[in-house]
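Please load the model in a viewer and set the display to a cartoon representation. The tour proceeds by successive selections.

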Amino acid sequence: MYTSDDLARDLDVSRETLDRLETYAGLLAKWQKAKNLVANSTLEAMWQRHFLDSAQLAPLLVEAYGERELSMLDIGSGAGFPGLVLSAIGVGHAHMVEANGRKCVFMNQVSRETSAPATIHNARIEALEPFPVDIITSRACARVLQLINWAGPFLGEGTEMWLLKGEGVDEELTEAQACWKMKVTKHKSLSDPAGVILRLSKLERL
């Protein structure tokens, strides 16, 4: 079974960072019993299914942006994946957008106990007043076209989208490219053989 030590090895994270992620994982296991934050079937494999899946974005973001702290908008955050994990790792400040109140309470608790810089928005993305961000992330929330449409008001010059997607991504991209012009870069997922990390840049509505 994939463990926290495996994640530390694969992504070369520090002991301090791993401590924060282990605090996060402990809270997830504790809250899951009463709040059903993630699918129960994924809990035993949480280090691969949730933490590696989210944290694998960090080295790609460092490669793309250098060491500077990023402002992130995470759409449909659920229990905080991937944005809150990235914040806990030190990528930057995460704006977590989630309509489910109990999941927002959980994310606030994680942010406090891990010192992950985050603002939790208990709202739908359509209801938020737009503000500038460097990147927009999302995982297992909606199709690519829907995500871009939601992100549209937040897209400034240079804003990119980094999306964790699974099978069917090519069909979703074809659908999205009928409405939006974009540069697409794909990275293979470390956590899921069928998974893809999409980097969408130079987004313009057709």
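The stops below concern a predicted model and lead from the sheet to the helices and then to individual residues.

**The sheet**

Begin by selecting the strands. Seven of them form an open sheet in the order 3-2-1-4-5-7-6, and the pairing is mixed. Strand 3 and strand 6 are the edge strands, each pairing on one side only. From one strand to the next, the twist averages 20°.

Next, select strand 7 (196-205) with strand 5 (160-165) and strand 6 (180-188). Strand 7 pairs with strand 5 in the antiparallel sense, over five bridges. Strand 6 and strand 7 also run antiparallel, joined by eight bridges. Which residue of strand 7 is the bridge partner of Leu164? The residue to display is Ile197. Ile197 is likewise the bridge partner of His187. Add Trp180 to the selection, and Arg205 of strand 7 will be found opposite.

**A buried glutamate**

Remain in strand 5 and select Glu160. Is Glu160 buried or exposed? Its relative accessibility is 10%, and residues under 20% count as buried, so Glu160 is classed as buried. Leaving aside residues up to four places away in sequence, Glu160 touches Tyr65, Asp134, Ile135, Ile136, Arg199, Leu200 and Ser201.

**Helix 7 and its surroundings**

Move to helix 7, residues 144-151, and show the side chains of Val144, Leu145, Leu147, Ile148 and Ala151, which are its buried residues. Turn the view until it runs down the axis of helix 7: these buried residues fall within an arc of 160° and so line one face of the helix. In an α-helix, residues three or four places apart point the same way, because there are 3.6 residues a turn.

What do the buried residues of helix 7 pack against? Their partners include strand 1 (70-75), strand 4 (135-139) and helix 8 (169-177). Strand 5, strand 6 and strand 7, visited above, are also among them.

**Helix 6 and the end of the sheet**

Select helix 6 (101-114) together with strand 3 (118-121). Helix 6 lies across strand 2 (92-97) and strand 3, and runs at about 170° to strand 3. In the loop between helix 6 and strand 3, pick out Ser115. Its phi is near 60°, a positive value in a residue other than glycine. Ser115 is exposed, with a relative accessible area of 61%.

A second residue to select for its backbone is Lys202, in strand 7. Lys202 is not a glycine, yet it has a positive phi of about 55°. Lys202 counts as exposed, at 62% relative accessibility.

**A cis peptide bond**

Select Phe81 and Pro82 and display the backbone between them. The peptide bond joining Phe81 and Pro82 is cis, with omega about 5°. Pro82 belongs to the loop between strand 1 and helix 5 (83-89).

**Helix 1 and helix 2**

Finish with helix 1 (residues 4-11) and helix 2 (residues 15-35), whose axes come within 11 Å and cross at roughly 140°. Helix 1 and helix 2 are therefore oblique to each other, and their crossing is right-handed. To show the contact, select Ser4, Asp5, Leu7 and Ala8 on helix 1. On helix 2, the residues making the contact are Arg15, Leu18, Leu21 and Glu22.

How values were computed
Residues are numbered from 1 along each chain as its sequence is written. This is a predicted model: local features need pLDDT of at least 70, side-chain atom pairs count only at pLDDT 80 or more; totals for chains, interfaces and linings use all residues. Side-chain values use heavy atoms; hydrogens and water are left out. Buried means under 20% relative accessible area, exposed over 50%, partly exposed in between (1.4 Å probe, protein chains only). Helices (H or I, at least four residues) and strands (E, at least two) are DSSP runs, numbered from the N terminus. The arc is that of the directions from the helix axis to the C-beta atoms. Contact means heavy atoms within 4.5 Å. Two strands pair if DSSP finds at least two bridges between them. Axes are lines fitted to C-alpha atoms, for helices over the stretch in contact, and angles run from 0 to 180 degrees between N-to-C directions. Angles under 35 degrees count as roughly parallel, over 145 as roughly antiparallel, 65 to 115 as roughly perpendicular and the rest as oblique. A crossing is left-handed if the near helix is turned anticlockwise from the far one by less than a right angle, and right-handed if clockwise.
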